[in-house]
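Please work through the following exercises with the sequence and the model at hand, trying each task before reading its solution.

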Amino acid sequence: MILIKVLLVGHFVLELLVPSSLSEQVQNSSESSSFHDSVSQPREETSDDNLIKSPLLNNPVDGSSNGNDSITNDTVISNATQIKKFSCLLDETQENNPTFQIVNGTTLLSVLKQNQNVTSRTQPATCHVVVFFTSWCPFSVQAAPHLNALPRGFPMMSFYAIDAYSHNSLSTMQGVMAIPSLFLFHNGKAAARYNETEYKVDLFASFITRYTGIQPIGVLNRTTADYQGPLPTSVIEQTDQWLILAWVVLFLSLVYWFTRSNLFWTLMENIRNTWREAEAQHQHVD
């Protein structure tokens, strides 16, 4: 009985104590959650303010600086590679209808005389425009009308044309690698060569202006007269004697090497054997 009374008293005490502890825990948990909520929100606002006031955002990085640097470098390079002009003595007696003069090698060499007193491109000296062409070359024919119109824009200069095929030694001496080739001579020396792939009169004029500073007179346009000469504007068929000689030398070389081969001597031995057999059969029939 005493044990039962002790158990009942303990149970009653527990019922009185437990609800109060639970309520305290719930109250503490609610207070802690409200405390965390009240703390967390100001932290977020503080972080936003820090981002807005960040010096990194107030001073953004310019991503276009690399492009500006490259443009600046290209400009410096282009300014550093400007072409120095050749100083040319101009002919005061301008012709009414200047054209290309087709000359031979002897005449051209006499024209391209050098003045020993002129030692640099800045010293005034005679300038000549010379074109190496051939009448059977389709590229020479294509460029001919544009070249025929070129002297009208520069009547103060002299223009000469020479057949590179007929005077191949002179072409080789001047380093002509392709036909047609347009050269600017200063004081009898090749100063510049036209290296463009297009043959147009305005490009030819720009070539002369680029290296001499001389501007063309008027507007350069092709006319019907430019298709008539002096440079030929149609392909003229011509027998290439050097090509024929080359084929003859090639054929003789092949024959020579064939006579020194084993196949040649085998063939000759077969012919001899066949000839002997034919003679033997002829004697047997007799």
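**Exercise 1.** Which residues line the largest cavity?

*Solution.* The model is a predicted one, and a search of the whole structure finds one cavity of 30 Å³ or more. The volume of the largest cavity is about 40 Å³. Its lining is made up of Phe 133, Thr 134, Ser 140, Val 141, Ala 144, Leu 147, Leu 231 and Pro 232. Helix H5, which spans residues 138–149, gives the most to this lining, with four residues. Sorted by character, the lining residues comprise six nonpolar, two polar and no charged.

**Exercise 2.** Find the salt bridge of Arg 152 and Asp 226, and decide for each of the two residues: is the residue buried, partly exposed or exposed?

*Solution.* The count of salt bridges comes to three, and one of them joins the side chains of Arg 152 and Asp 226, at 2.9 Å from N to O. This pair links distant parts of the chain, 74 residues apart, since Arg 152 sits in the loop between H5 and strand E4 (158–163) while Asp 226 sits in the loop between H7 and helix H8 (241–259). For the second step, a residue is buried if its relative accessible area is under 20%, and exposed if that area is over 50%. Asp 226 has a relative accessible area of 3%, and therefore counts as buried. Arg 152, with 30%, falls in between and is therefore partly exposed.

**Exercise 3.** In which helix do Glu 269 and Arg 272 lie, and how many residues apart are they?

*Solution.* Both residues belong to helix H9 (residues 262–285), where they are three residues apart, about one turn of the helix. Glu 269 and Arg 272 form a salt bridge whose closest N and O atoms are 3.4 Å apart. Glu 269 is partly exposed at 35% relative accessible area, and Arg 272 is partly exposed at 36%.

**Exercise 4.** What kind of aromatic pair do Tyr 194 and Phe 207 form?

*Solution.* The structure holds 11 aromatic pairs. In the pair of Tyr 194 and Phe 207 the ring centres are 5.8 Å apart and the planes stand at 85°. An angle over 60 degrees counts as edge-to-face, and therefore this pair is edge-to-face. Tyr 194 lies in the loop between strand E6 (189–193) and helix H7 (201–212), whereas Phe 207 lies in helix H7, so that the pair links distant parts of the chain, 13 residues apart. Tyr 194 and Phe 207 are both buried. They also belong to one aromatic cluster together with Tyr 199, Phe 204 and Tyr 211.

Methods:
Residues are numbered from 1 along each chain as its sequence is written. This is a predicted model: local features need pLDDT of at least 70, side-chain atom pairs count only at pLDDT 80 or more; totals for chains, interfaces and linings use all residues. Side-chain values use heavy atoms; hydrogens and water are left out. Rings of Phe, Tyr and Trp (its six-membered ring) pair if their centres lie within 6.5 Å; planes under 30 degrees apart count as stacked, over 60 as edge-to-face and the rest as tilted. Helices (H or I, at least four residues) and strands (E, at least two) are DSSP runs, numbered from the N terminus. Buried means under 20% relative accessible area, exposed over 50%, partly exposed in between (1.4 Å probe, protein chains only). On a 1 Å grid over the protein atoms alone, a cavity is a set of points where a 1.4 Å probe fits but cannot get out, and a pocket is an open set with protein on both sides within 12 Å along at least five of seven lines; lining residues have an atom within 4 Å of a point. Grid points are joined across faces, edges and corners, and a volume is the space filled by probe spheres set on the points. Ala, Val, Leu, Ile, Met, Phe, Trp, Tyr, Cys and Pro count as nonpolar, Asp, Glu, Lys and Arg as charged, and the others, Gly among them, as polar. A salt bridge is a side-chain nitrogen of Lys or Arg within 4 Å of a carboxyl oxygen of Asp or Glu.
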